[in-house]
Amino acid sequence: MRTVILGAQWGDEGKGRVVDNLSQDARIVARFNGGGNAGHTIWIGEIKHILHILPSGIVRAGTVNLCGPGVVHDLEVVRRELALSRECGSTVILDRSAPVVLPIHKSIDEARERASGGIGTTKRGIGPCYEDLASRRGVKLGHLTSRKKIRRALTRGGYYAEKAALLRHYGVEAPSLEELIAWCESFAGVIVPHLGDTRAYLARASTESVLFEGAQGILLDLINGSHPFVTSSHCTLGGVSATLGVYEFDRVIGVTKAYITRVGGGPFPTEQENGDGEFLRARGHEFGSTTGRPRRCGWLDLVALRYAVRVGGLTEIMLTKLDVLSGLDEIKVCVGYTLHGEPLGEDETLTRYVLERAEPVYKVFRGWTEDLSECRSWEDLPEAAREYVRFIEEYIGLSVTAIGVGPERSQMIWR
Ligand code: IMP
């Protein structure tokens, strides 16, 4: 069984907890995109784990966790998460071809955010690192096996000199070449024992149960999102195939919250900068798990979800945080956009241009007052909540196969 889990919104949908739940039945969990910009929160009893780079399977003993060649590695974070994996009794294989996020990438990211025109990145060096991957330069995890390889990767084609000049342009002093080499080398001891070939591993494990874990969300995809307010990797099903060489899947699950949030800049048609937005932020604890930034909150946007289903390749939906909506008199859902006074066609691409000008059309649902956190079956949910879920299914034409009613492992209704 090959199952893919993708964020169907702008990230922070609760993918980590879904992966954690499904990893009970999977021996292999593979991460394919992003880096330290992600923050996957998992609650096990009273203990909260926030994972940034290694797959969420690392907290389950016996799982094999792969980080593919499209994941950019912040070595300090990886070192921390490797220690957690050891404690939990799981295995980790890091792809030799995966890029290393260097301190200079973070400095460039930060400098660009300070300069005018920043988009509100997580400042984890993601964009600058992927730029180097695309321009075929930079340090790969496999280079950490020797000082000579690190030096060659940093100096080939004037790489280091060019980065140092770019940082000077931003008024920042780069670490010296020798400091950078020493920094890379200092991680060799912890990283090198985990190096491997993740694509070969998956090819050999073709009959096993594998979970592919996406980071960020389809609406933040480099190509299909509202560029330039996007991340620098592919957050769709295509991202799995393009990086891990796997093309056949059994389930492609899109995780969406029962409302929607966004962190950083960019258009957000259903954003509620009012009491409703504050209610969602407070009840849903909507503060970034990587940066601590308050998340922008708004009503569930079914136009955007339908678009995510199409461009992301989704076959089913899991809905998280339905419990957060308890206590609202009315719950709105966006069921259409108008653009320049005309209804927007169903097949339009949701570019920055479209999203910045889209006027949402809402359907209003009656709310419910019941606390959902103890609900464990579909029948336990109040009728108003079931009506809300049924409408989502009808609108997007896919089943909602699980519903989250709280952050803990057991607070999930499976259908
Ligand atoms: P970057 O990925 O750090 O370059 O940031 C680009 C955009 O993606 C910014 O708007 C970030 O807030 C957003 N972003 C990146 N990773 C995540 C995530 O895991 N959750 C939510 N937003 C994210």
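Select Arg60 to begin. In this predicted model, Arg60 counts as buried because its relative accessible area is 17%, and buried means under 20%. Now show the backbone around Arg60. The residue sits in the loop between strand E4 (47-51) and strand E5 (64-67). Next, add Asp20 to the selection. A polar atom of the Arg60 side chain lies 3.0 Å from the backbone oxygen of Asp20.

**Next stop: the ligand**

Select the ligand and show what surrounds it. The shell has 17 residues, and Asn37, Thr122, Thr231, Val263 and Arg293 are the closest. Colour the shell by class. You should find seven nonpolar, eight polar and two charged residues.

Now go through three contacts, one at a time.

- Asn37: an N or O atom of its side chain is 2.9 Å from an oxygen atom of the ligand.
- Thr122: here a polar side-chain atom lies 2.6 Å from a ligand oxygen.
- Val263: this contact uses the backbone, with a polar atom 2.9 Å from an oxygen atom of the ligand.

How much of the ligand does the protein bury? Taken alone, the ligand exposes 470 Å², and the protein buries 97% of that.

**Next stop: the second largest pocket**

Select Gly70, Tyr130, Leu133, His234 and Thr243. Among the 15 lining residues of the second largest pocket, these lie nearest its centre. The pocket has a volume of about 240 Å³. Show helices H4 and H10 (237-244) as ribbons. Each of them supplies at least two residues of the lining. By class, the lining of this pocket divides into seven nonpolar, seven polar and one charged.

**Last stop: the cavity**

Keep helix H4 on screen. How many cavities of 30 Å³ or more does the structure hold? There is one. The space in the largest cavity is about 60 Å³.

To see its walls, select Pro99, Val100 and His105, which are among the lining residues. Add Cys129, Asp132 and Leu133, also part of the lining. Then add Arg137, Gly138, Val139, Lys140 and Tyr159 to complete the lining of the largest cavity.

Which helix gives the largest share of this lining? Helix H4 (residues 126-134) does, with three residues. Colour the lining by class once more. The largest cavity has six nonpolar, two polar and three charged residues around it.

Finish on Leu133. This residue lines the largest cavity, and Leu133 is also one of the residues nearest the centre of the second largest pocket.

Conventions. Residues numbered from 1 in each chain as written. Predicted model: local features only at pLDDT ≥ 70, side-chain atom pairs only at ≥ 80, totals over all residues. Heavy atoms only, no water. 1 Å grid on protein atoms, 1.4 Å probe; cavity = no way out; pocket = protein on both sides within 12 Å on 5 of 7 lines; lining within 4 Å. Points joined across faces, edges and corners; volume = space filled by probe spheres on them. Helix = DSSP H or I, 4+ residues; strand = E, 2+ residues; numbered from the N terminus. Nonpolar A, V, L, I, M, F, W, Y, C, P; charged D, E, K, R; others polar. Near = heavy atom within 4 Å. Polar contact = N/O pair within 3.5 Å; in protein donor to acceptor, adjacent residues only side chain to side chain. Areas by Shrake-Rupley, 256 points an atom, 1.4 Å probe, with all protein chains shown as cover. Buried < 20%, exposed > 50% of the residue type's maximum accessible area, 1.4 Å probe, protein only.
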